[in-house]
Amino acid sequence: MSMMNNFHRESTKLLQHLPLPKPSSLIYGNNQPWWCQILDPNGEIVTKWNQIFLVTSLIALFVDPLFFYLPNIRAESCMYTDFALAIIVILVRSIVDLFSALQILMKFRTSYVATSSRVFGKGELVRDPRKIVIRYLKTDFVIDLAAALPLPQFVVYLAMPLVRTHTRSAAHTNHAISLVIILQYVPRLVVIFPLNSRIVKNTGVVAKTAWSGAAYNLLLYMLASHVLGAAWYLMSVERHFSCWKQQCRKEQHGRTPCSIQYFDCLHFPDARTVAWLNSTKVYRNCNARIKSTDFDFGMFADAFKDQVTSADFVDKYFYCLWWGLKNLSSYGQGLNTTTYVIETIFSSLICLMGLVFFSLLIGNMQTYLQSMSARLEEWRIRRRDTEEWMRHRQLPPDLQDRIRRFVQYKWLATKGVEEEDILQSLPLDLRRQIQSHLCLSLVRRVPFFSQMDDQLLDAICERLVSSLNTKDTYIVREGDPVNEMLFIIRGQLESSTTNGGRSGFFNSITLKPGDFCGEELLTWALMPASNVNLPASTRTVKSITEVEAFALRSEDLKFVANQFKRLHSKKLQHAFRYYSHQWRTWGACYMQAAWRRWKRRKLADELARQESLYYMQWPEDEDEDEDEYADKQESKASENAQQLGATILASKFAANTRRGAAQKVTFVEPNDSSLRLPQIFKPDEPDFS
């Protein structure tokens with residue numbers, strides 16, 4: 001027993017000295033469930049949730065004014081509450097309130113940036129749950145709770161049974177619901193503004209596109225019109241009910257005294273109500289369509305003249321929306337008000353709201369729509385400046401047309417976006433991935449690049465720049481220094497050479513997508529001791545059509561050649577020689593020279609054989625005429641002389657071929673010794689060692 005106690009005591013001491021995990025690691029560990037984790041306020045989850053909650057908040061701002069449409073007037077004789085509409089609105093409102101409750105829970109689990117750590121960078125996040133709760137309770141909790149409470153639901157649920165028992169509950173219910181909606185609408189608006197600012201702070205904009213931004217601002221303007229229309233309808237019903245009460249007081253001392261319960265449709269009609277209807281003048285005196293009435297309805301007269309209060313919900317809603325939109329856009333200038341204080345205040349509020357909201361709508365819409373055409377406007381200004389400059393410098397018309405075509409083609413290809421500026425502002429790793437995504441599939445279409453591995457291709461793609469050329473543009477001329485290699489993506493180029501301007505020589509080929517030009521630069525880059533001077537171009541390259549290509553500058557190619565020794569592989573050597581049009585031209589000329597040498601050698605052998613046969617022949621017919629025989633001999637002698645001259649020339653060419661190096665080839669026509677083709681030099685061999 002003592003041994004067990006000693007073991008327990010020692011194990012307890014050992015556990016006390018063992019390093020236990022900190023509480024923070026238990027709370028914020030990756031193995032914890034999502035409801036136990038502290039969220040980053042700038043993270044993707046919180047950003048997405050803020051956008052979702054913004055939509056639900058706008059829906060809540062739209063749903064709440066629908067409670068104002070619950071009171072109705074039936075045939076201008078009694079007032080009732082539309083409980084069918086109330087049930088639908090309450091269901092939608094309850095769903096929206098669930099999102100408000102989730103927003104409160106999210107804020108209890110969302111960290112915040114400490115104020116003292118905002119000196120540099122994003123700041124340090126406070127992830128202590130206790131500090132987060134205390135800070136939230138001190139700041140936004142009260143407003144969020146007031147916005148999330150389901151007060152209209154409780155009012156309607158408590159008012160529905162009272163309406164059936166209490167004779168004066170219909171008007172009281174409408175007043176209570178309206179008061180609750182108005183009081184709760186303020187915190188719901190207050191919640192929207194910081195939420196909108198947080199979304200802008202995290203993502204930069206509320207709407208990602210210009211059209212969506214314009215639609216968002218137009219939606220806010222329509223929401224304001226919706227609220228004004230609903231409030232106008234509620235005040236119209238209340239104004240009509242006030243007229244009934246005022247006229248009812250005048251008939252309190254008559255033979256059939258008036259009572260407020262007569263205006264409630266749930267208690268209509270009964271015996272006393274029918275007797276009162278036969279003698280009352282309340283409905284006639286409160287008829288807005290009669291001009292002789294004593295009661296002035298003011299700005300609410302249209303609701304009764306057009307029978308809005310007794311119309312169906314859809315007709316009623318769109319009429320009120322149109323009324324709010326019309327008066328908000330016109331700043332309430334067409335309103336005919338009375339001295340009624342509430343009516344005057346409401347008209348003044350419409351005027352101020354119209355001025356503010358319409359100014360914001362026009363300003364924001366103009367900002368978003370101008371952002372769509374900002375590039376186009378810059379291009380128009382640049383094009384106008386170019387036209388003025390060309391006229392000022394008196395450029396030739398054909399040159400002006402070429403400049404216009406290039407400016408138009410560049411706009412169609414880039415839409416005014418400077419890709420180089422965007423790429424240079426990004427980190428190196430992102431630039432590599434973007435360039436690889438944009439260029440790798442196109443670069444692999446070039447046969448020379450298809451022989452390279454991915455690492456080498458990534459290094460080349462990182463340094464490729466786009467090149468746009470219009471029709472009849474000279475990319476490089478023969479003899480000019482080559483400063484870039486061009487890899488064609490779309491279009492066609494004409495590559496021609498005169499071998500240094502020598503007469504009698506011209507070679508022309510067409511470069512298509514997948515081809516490249518400027519291969520002299522690769523020879524220069526692969527030389528271990530290449531000087532600063534760039535190599536001279538051996539060909540003239542001109543665009544036949546509009547050409548889109550990638551360009552690899554000389555300094556970039558030199559860097560790639562020095563860093564990646566795989567450019568010196570035999571496989572790339574053969575690929576370079578096979579797809580290089582300069583080497584192809586030299587190979588074709590070399591094959592032609594060899595073929596002509598063989599033809600001349602064959603002709604010389606044939607002439608020698610015929611010459612030996614000539615001396616072996618003698619005329620067998622001794623009776624042949626001597627003159628005719630002399631003529632034949634003379635013609636044969638002339639033919640043999642010509643053949644002998646060609647033989648001598650062929651022998652001289654063979655001797656020069658044996659003496660000359662493989663780099664020099666001379667073309668001589670057998671029948672014309674004066675026509676001599678220029679010498680074709682072998683292209684410089686890159687140092688692949």
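**Group meeting: a sheet and two charged patches**

Hi everyone, let's start with the sheet: four strands make it up, it is open, its order is β5-β12-β7-β10, and the pairing is antiparallel. At the edges sit β5, residues 465–469, and β10, residues 516–517, each of which pairs on one side only. Before I go on, please keep in mind that this is a predicted model.

As a quick reminder, strands of a sheet pair through backbone hydrogen bonds, either parallel or antiparallel. Now look at the pairing of β7 with β12. How many bridges link these two strands? There are six, running in the antiparallel sense between β7, residues 484–490, and β12, residues 547–553. If you'd like one pair to click on, take E484, whose bridge partner in β12 is R553.

Next, the surface charges, beginning with the positive ones. R402, R405, K471 and R477 come together there as a patch of positive charge. One of them, R402, lies in helix α15, which spans residues 397–414. Is R402 buried or exposed? The answer falls in between: R402 has a relative accessible area of 33%, so it is classed as partly exposed.

There is also a patch of the opposite sign. Which residues form the negative surface patch? They are E418, E419, E420 and D421. Let me pick out E420, which belongs to helix α16, residues 419–424. Its relative accessibility is 34%, so E420 counts as partly exposed. Patch members need over 30% relative accessible area, and E420, at 34%, therefore clears that cut-off. R402 does too, because its value is 33%.

That's my tour, thanks for listening!

Conventions: Residues are numbered from 1 along each chain as its sequence is written. This is a predicted model: local features need pLDDT of at least 70, side-chain atom pairs count only at pLDDT 80 or more; totals for chains, interfaces and linings use all residues. Side-chain values use heavy atoms; hydrogens and water are left out. Patches are made of residues with over 30% relative accessible area and no salt bridge: like charges are joined within 9 Å, nonpolar side chains (Val, Leu, Ile, Met, Phe, Trp, Tyr) within 5 Å. Accessible areas come from the Shrake-Rupley method with a 1.4 Å probe; for residues, only the protein chains shown count as cover. A salt bridge is a side-chain nitrogen of Lys or Arg within 4 Å of a carboxyl oxygen of Asp or Glu. Lys and Arg count as positive and Asp and Glu as negative; His and the chain ends are not counted. The place of a charge is taken as NZ of Lys, CZ of Arg, CG of Asp or CD of Glu. Buried means under 20% relative accessible area, exposed over 50%, partly exposed in between (1.4 Å probe, protein chains only). Two strands pair if DSSP finds at least two bridges between them.
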